Amino acid sequence: MYRYDQHDHQIIKERIAQYRDQVRRRLANELTEEEFLPLRLQNGLYHQRHAYMLRIAVPYGMLSSDQLRKFAFIAREYDRGYGHFTTRQNIQFNWINLEDSPEILEELAKVEMHAIQTSGNCMRNITSDEFAGVAADELIDPRPYAEILRQWTTFHPEFAYLPRKFKIAINGSKEDRAAIAVHDIGLTVVQNTDGEVGFRVMVGGGMGRTPILGTVIREFLPWQHVMTYLEAILRIYNQHGRRDNKYKARIKILVKAIGADVFAQQVEEEWAEIKDGPATLTEAEFKRVSSYFTTPAYASLPASDATFEQHQSENKAFANWVRRNVKPHKVAGYASVVLSLKKPGVPPGDATADQMDFVADLSDRYSFSELRVTHEQNLVLADVQQSALFDLWQEAKAHGLATPNIGLLTDMICCPGGDFCSLANAKSIPIALDITDRFADLDYLYDIGDLELNMSGCINACGHHHIGNIGILGVDKDGSVFYQVSIGGAQGNHSAIGKIIGPSFSAGQMPEVIERIIKVYLDQRITNERFIDTVQRLGITPFKEYVYATPINTLIHHGEDAGAAVAY
Amino acid sequence: MREIIKDKTIVQDDWAVLRLNEEETPDAVDVPGGKVIVPLKVWLEQRDSLLPRLKKQQDIAVWFSSDAQAKDLADDVSLFSLIAVDFPKFSDGRGYSIAYHLRSRYAFTGELRAIGDVLRDQLFYMQRVGFNAFATREDRNIQDALKGLTDFSDSYQSSWDQKNPLFRRTERSVVTP
C-alpha cells in the first residue's frame, strides 16, 4: 500500500501544527464557534449529542495492521474502547475531547494517517472497491488513481469552501462495489477500443433528501487528464452550485437544474483551458504511485486446497461461513475474507479495541499485514491462503467476527443514528438490533438469501437507505419518531432508488414489517430469484398490500432492555 | 487609512470601498473622489464616465461580489491596477474561482485583493489562487493574520501560485520505515 515520503510527512506535520493552533485559539476565544466550525469539520471533528466525534480518513479503505493497532490505541486511550467503521470506509470515534484532538492527530501521523477533509463542504476521502487489486473480476486496479486523487484533493486551495460536501468514488472492476452512481463524481477505470486506459465519468449522483443516480458526462477520459477534468467539474460547481439552501446545494441539484448535457458542455469548455497543462498526470508519477500497489509475494499454489474442501464438507458452520464471507481471488489458492462487524447485539460497524488488535494480528499472520474497510461496514483480509481459512475462521469466531451473514439481511448498513448523531431524527441502532434478533435463525436467513437492508436515522442518508433492497428511514413527525420503508433500491451495476411502500411505522412495528415484506418475497419468488429481482418483477403493490392488510404487532422491550437496546 | 496585508507585509492603504445602500443603484450612484473600489456593476453601468477618470488618475478599482464571474469584466481587467473580490462570508468559496479566473484566463497582473469576511485561516488558500493582498477583518489582529500565509511550506496540487504540481517539481521517493 502507499507509504508517505518526506513531502507527505511534512504536509501532515504542518497540518497538525495549524490545527493545534486553531484549537488553542478557539479555547482562548480568539475564534468564534462559527469560525471554528468549518475548520474543525475539515479535520473530521463534529460536535455530537454527548461529545465530539472524530472521523479519521482511511484512504480508499486500505489499512495496515499497524494503523489498525493505532485505532485500538486511540479507542482505549481517548475513547470508550471501541470505534465505528463507516459507509465511507472511514472510522469514527464518538467520545472525544476537543483538547485531546491535536494529540490524537499526532498519534495518527506516526502511522501515516490523518483526519483531513473527512467532513465539511470540501472534497472528502476518496472511496473505492474493497477488493481492489485482488478481485477476480477486476479490469484495472483503481488504487494508484485513488491515491493520486487523494493527494490532488488534499488542501486544494480553490475547493475548500464548496456549496456542500463532495464525494468521489472510483471503481475498476466489472461489478461496481463502490456505489459510484450515488457519488458526486463516480469514476470507472475502463479501456477504450484501442486498449488505452481512461475513465468513464459520472456526475451528480447522491442520496440525502433528493436521491439521484449519477449521469455519465464523458464516456472516455484518458487517464492523464483526470485531475484537469475534475478541476473543471469542481470549478463549475464551485461557482454555480446553489448556496442559498443547503438541501439544494449538492452538485446533483445543479446538474439536474441545467441538464447533464449543458453541464457536460460547460465542463468541456472550462477543461479546454487547462487541458494538457502542468496538472496533467505524467507516466512517471503514475508509475511511482503504482509501485506501492504491487502484488504481495504470493505463494505458488494449486487452484484448490484439499483440506479446505474437506473441512467444508465436514463442517456445516464453516461451509456456511465460506459461502457467505469468503470471496474469490484472482490468484490461485487464495481467497479474500470478510470479517463481519454485524454480530447480533452489536451496532453495525462497531469494533472494540480488542477486536481491532486481534484483526491486526490476523492480518499479520494471514494476509500480508494489510486489510480493508468496506462501505458495508465490515473488514476484509484480502490475501488469505485457502489452506489457512479453517484456522482463521476458528480464531475469528472466538472473537465474534465470523457471523456468516455477508450480503444477507442482517449484514445491514446502518448509521449511528439518534443514539449519537445530533443530526438524526431517529434512532437506528436499536431498530437494527431488533431486526437482527427477529432474523437470528440462520436457516431462515440463508433461505431469504441475498438482501441488502440499509437504514438511516435521518434524511442525510448516511445509512444509504435509498439504495437498500429494503431501505428504512427514521423520520420525525410532530415530535414523534416514525420509520419509512422503501423497497427496490439497489447498488452496483444496476443501481436503483427504492420506492416508499406507504405510511410510516413505529419503531416497535419494524421487525414485523420487515418479516411481512420477506413473507411476500418467499411466497412469490420463482426459482433462484433474489429479493431484489422479485421486487423488480412484481413492483411494490403486493408488498404494500400485505404489509398494511392487518394491524401490525408492536415489539415492546421489558425490564433491562426497555428504552435502550445498546449498552457499553 | 487602514492596514492591509500586501505581498506578505502589513502596509497602510488608502483605497476606500464603495458599497451601495438599498436606495442606491449602480447606474445612478455618485462615485466619490479619491481612490475608490467600486462595485463591478457600477463600473459596468458607468463605464463611459469612469473610464477617462481611470485612465487619467488610476484612482478607480472594481470589486467582485461572490455571485459575479471574471468574465463579467472580461478584457477590461487590463485597465486596472487593483481588483478586489468580496467574501460576504468566509465560508462562501466562490471568490477563489473568481480570483483564479482573473489571473489565469484574463491574465490580470495587478493587485488582487480579498475584502469582506477575510480571516487568517483562509489566507493560505487565498494566496494560492492568486490573491496577493488581504483586507483582513478589522476586529482581528492583522499581525496574527499574517501567520496564516505560512501555514504550509508545500502543496500537492498546482494552482496560480505554483504552476506545477508537486510531482513535476521534485523527485519523490520512498522513505524507508
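Student: Leaving aside its neighbours within four places in sequence, which residues is A:Ser304 in contact with?
Tutor: In this predicted model, A:Ser304 is found in the loop of chain A between helix H9 (283-290) and helix H10 (306-314). Once the neighbours within four places in sequence are set aside, the residues in contact with A:Ser304 are A:Glu309 and A:Gln386.

Student: Is A:Ser304 buried or exposed?
Tutor: A residue counts as exposed if 12 or fewer other C-beta atoms lie within 10 Å of its own. Because A:Ser304 has 11 other C-beta atoms within 10 Å, this residue is exposed.

Student: What separates the C-alpha atoms of A:Ser304 and A:Tyr334?
Tutor: Along the chain, A:Ser304 and A:Tyr334 are 30 residues apart. In space, the separation of their C-alpha atoms is 8.6 Å.

Student: How many residues of chain A are in contact with chain B, and which helix supplies the largest share of that side?
Tutor: On the side of chain A there are 33 residues in contact with 34 residues of chain B. Helix H1 (6-27), helix H2 (33-41), helix H5 (143-153), helix H6 (226-240) and H9 of chain A each supply at least two residues of the side that touches chain B. The largest share, 7 residues, comes from H1(A).

Student: How do the residues of the side of chain A that touches chain B divide into nonpolar, polar and charged?
Tutor: The side in question is the part of chain A that is in contact with 34 residues of chain B. Its residues divide into 12 nonpolar, 11 polar and 10 charged.

Student: Which secondary structure elements does chain B have, and how many of each?
Tutor: From the N terminus on, the elements of chain B run β-β-β-β-α-α-β-β-α-β-α-β-α-α. The secondary structure of this chain therefore comes to 6 helices and 8 strands.

Student: Why is strand E7 of chain B largely enclosed by the rest of the structure?
Tutor: Strand E7 of chain B covers residues 111-116. A residue counts as buried if 20 or more other C-beta atoms lie within 10 Å of its own. The strand is largely enclosed because the number of its 6 residues that are buried is 5.

Student: Which strands of chain B are joined to E7(B) by bridges?
Tutor: Strand E6 (residues 82-87) of chain B runs parallel to E7(B) and is joined to it by 6 bridges, with B:Ile115 as the bridge partner of B:Asp86. A further 2 bridges join E7(B) to strand E8 (residues 133-134) of chain B, again in parallel, and B:Ala133 is the bridge partner of B:Arg113. The strands asked for are E6(B) and E8(B).

Student: Which helices make right-handed β-α-β units with these strands?
Tutor: One right-handed β-α-β unit is made by E6(B), helix H3 (residues 94-104) of chain B and E7(B). Another is made by E7(B), helix H4 (residues 120-129) of chain B and E8(B). The helices are thus H3(B) and H4(B).

Student: Which strands are the edge strands of the open sheet E16-E17-E18-E19-E20 in chain A?
Tutor: The 5 strands of this open sheet have mixed pairing. Strand E19 (residues 480-487) of chain A and E20(A) pair in the antiparallel sense over 2 bridges, and there A:Ile500 is the bridge partner of A:Ser486. The edge strands, each pairing on one side only, are strand E16 (413-414) and strand E20 (499-500) of chain A.

Conventions. Residues numbered from 1 in each chain as written. Chains lettered and ligands numbered in written order. Predicted model: local features only at pLDDT ≥ 70, side-chain atom pairs only at ≥ 80, totals over all residues. Helix = DSSP H or I, 4+ residues; strand = E, 2+ residues; numbered from the N terminus. Contact = placed C-beta atoms within 7 Å. Nonpolar A, V, L, I, M, F, W, Y, C, P; charged D, E, K, R; others polar. Pairing = 2+ DSSP bridges. Right-handed = clockwise from strand over helix to strand, strands pointing away.
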